[in-house]
Amino acid sequence: AGNFSYDGTNGPSHWGKEYKTCLGKYQSPIDIEEKDVTTMTFPELQFSGVEGSHKAYMTNNGHTVMIQSFDSNVPSISGGPINSTYVFQQLHFHWGQNDNQGSEDLINNHSFSMELHVVFWKKEYGSYDEAVKRDDGLTVLGYLYQATDEPNPMFESIVQQISDIIGVGSNITISDNNVLKKLVAPDIASAQNYFTYRGSLTTPPCLEIVQWIDFVKPQHISHEQLAAFRSIQSADGTNLTHNFRPVQPLDGRTVYRNIA
Ligand code: BO1
Ligand code: ZN
């Protein structure tokens, strides 16, 4: 168990053999077709504890670059399509072999170059491990990134330190204590403009426990910054050149778009 990859005999089309849930009806990612979405006015999506500095660390777990916080005072979200408070667990990235792909969710069948996932668990369940046993256990914020020539200053410190986590299992303290603030809510002015739908973890065990909130406005990252992510190694020792799951059937689910 635990050995999945993005190619070959452990690739996405084989995940369902070991992890039956990956063959379920509410899987992520999906293609969001704007002509098919249902508009809705949700309460304001609110972010707490994002401001201020957070000590954070960054890990190569063999599947992605993941960032977690040492602090007990971590960000949380409430409102929007979720009817209680969800607490920050971790954030991580998905990317492609080239800049024309990499995002997991697609919009109008368009791939973006990278996707940032910010993972939160339902506070009333007491812990992440308990929350993942419940069908409303997690909310994940999805931010889409388009590759450009201009670097995004938000990524400067992370990109510099990716060279210290090339090997699987490497773990370093992030020098920039503002990383969480920058990545949990990179664009607060556009935070009420999102798609939302019910889906799953996009990796094994593909649990169908996620309220997805995908922000409509793409952010940007430079070609060079993006290339740093492709330099980390995966479990088999080769470069993790790509780590996005292909889109899954919508199967009658409704995708909503918030109209603030
Ligand atoms: S994602 O945001 O849908 N790409 C996502 C995917 C997986 C996880 C969180 C968010 N976490 C996984 C861990 C596994 C663990 C599982 C259940 O959660 O990577 O190690 O088994 O806790
Ligand atoms: Zn993810």
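I take helices and strands as DSSP runs, a strand having at least two residues, numbered from the N terminus. The structure I consulted is a predicted model.

**Entry 1: His 117**

I began with His 117 and found its place in strand 9, which covers residues 114-122. Is His 117 buried or exposed? I noted a relative accessible area of 1%, so His 117 is buried, the limit for that term being under 20%.

I then looked up the polar contacts of its side chain. One joins the side chain of His 117 to that of His 94 at 3.0 Å. Another reaches the side chain of Glu 115, at 2.7 Å.

Which residues does His 117 touch, leaving aside neighbours within four places in sequence? I listed Gln 90, Leu 91, His 92 and His 94, then Glu 104, then Val 140, Leu 141 and Gly 142, and lastly Thr 202 and Trp 212.

**Entry 2: aromatic pairs**

I searched the whole structure for aromatic pairs and recorded 14. I examined Tyr 57 with Phe 70: the ring centres are 4.7 Å apart and the planes stand at 35°, so I entered this pair as tilted. Tyr 57 belongs to strand 4 (residues 56-60), while Phe 70 sits in the loop between strand 5 (65-69) and strand 6 (76-79); the pair therefore ties together parts 13 residues apart in sequence. I also compared their accessibility with the cut-offs. Tyr 57, at 17% relative accessibility, counts as buried, whereas Phe 70, at 48%, counts as partly exposed.

I turned next to Tyr 145 and Phe 155, an edge-to-face pair with 5.2 Å from centre to centre and 75° between the planes. What parts does this pair tie together? Tyr 145 lies in strand 10 (residues 138-148) and Phe 155 in the loop between strand 10 and helix 3 (156-162), so the parts joined are 10 residues apart in sequence. I found Tyr 145 buried, with a relative accessible area of 0%. Phe 155 also counts as buried, at 0% relative accessibility.

I noted, finally, a cluster linked by ring pairs, made up of Phe 42, Tyr 143, Tyr 194, Phe 215 and Tyr 256.

**Entry 3: the cavity**

How many cavities of 30 Å³ or more does the structure hold? I found one. The largest cavity contains about 30 Å³ of space. Its lining consists of Tyr 143, Asp 187, Ser 190, Ala 191, Phe 215, Lys 217 and Gln 219. I sorted these lining residues into three nonpolar, two polar and two charged. Tyr 143 and Phe 215 appear in this lining and also in the ring cluster of my previous entry.

Key. Residues numbered from 1 in each chain as written. Chains lettered and ligands numbered in written order. Predicted model: local features only at pLDDT ≥ 70, side-chain atom pairs only at ≥ 80, totals over all residues. Heavy atoms only, no water. Phe/Tyr/Trp six-rings, centres within 6.5 Å; stacked < 30°, edge-to-face > 60°. Helix = DSSP H or I, 4+ residues; strand = E, 2+ residues; numbered from the N terminus. Buried < 20%, exposed > 50% of the residue type's maximum accessible area, 1.4 Å probe, protein only. Polar contact = N/O pair within 3.5 Å; in protein donor to acceptor, adjacent residues only side chain to side chain. Contact = heavy atoms within 4.5 Å. 1 Å grid on protein atoms, 1.4 Å probe; cavity = no way out; pocket = protein on both sides within 12 Å on 5 of 7 lines; lining within 4 Å. Points joined across faces, edges and corners; volume = space filled by probe spheres on them. Nonpolar A, V, L, I, M, F, W, Y, C, P; charged D, E, K, R; others polar.
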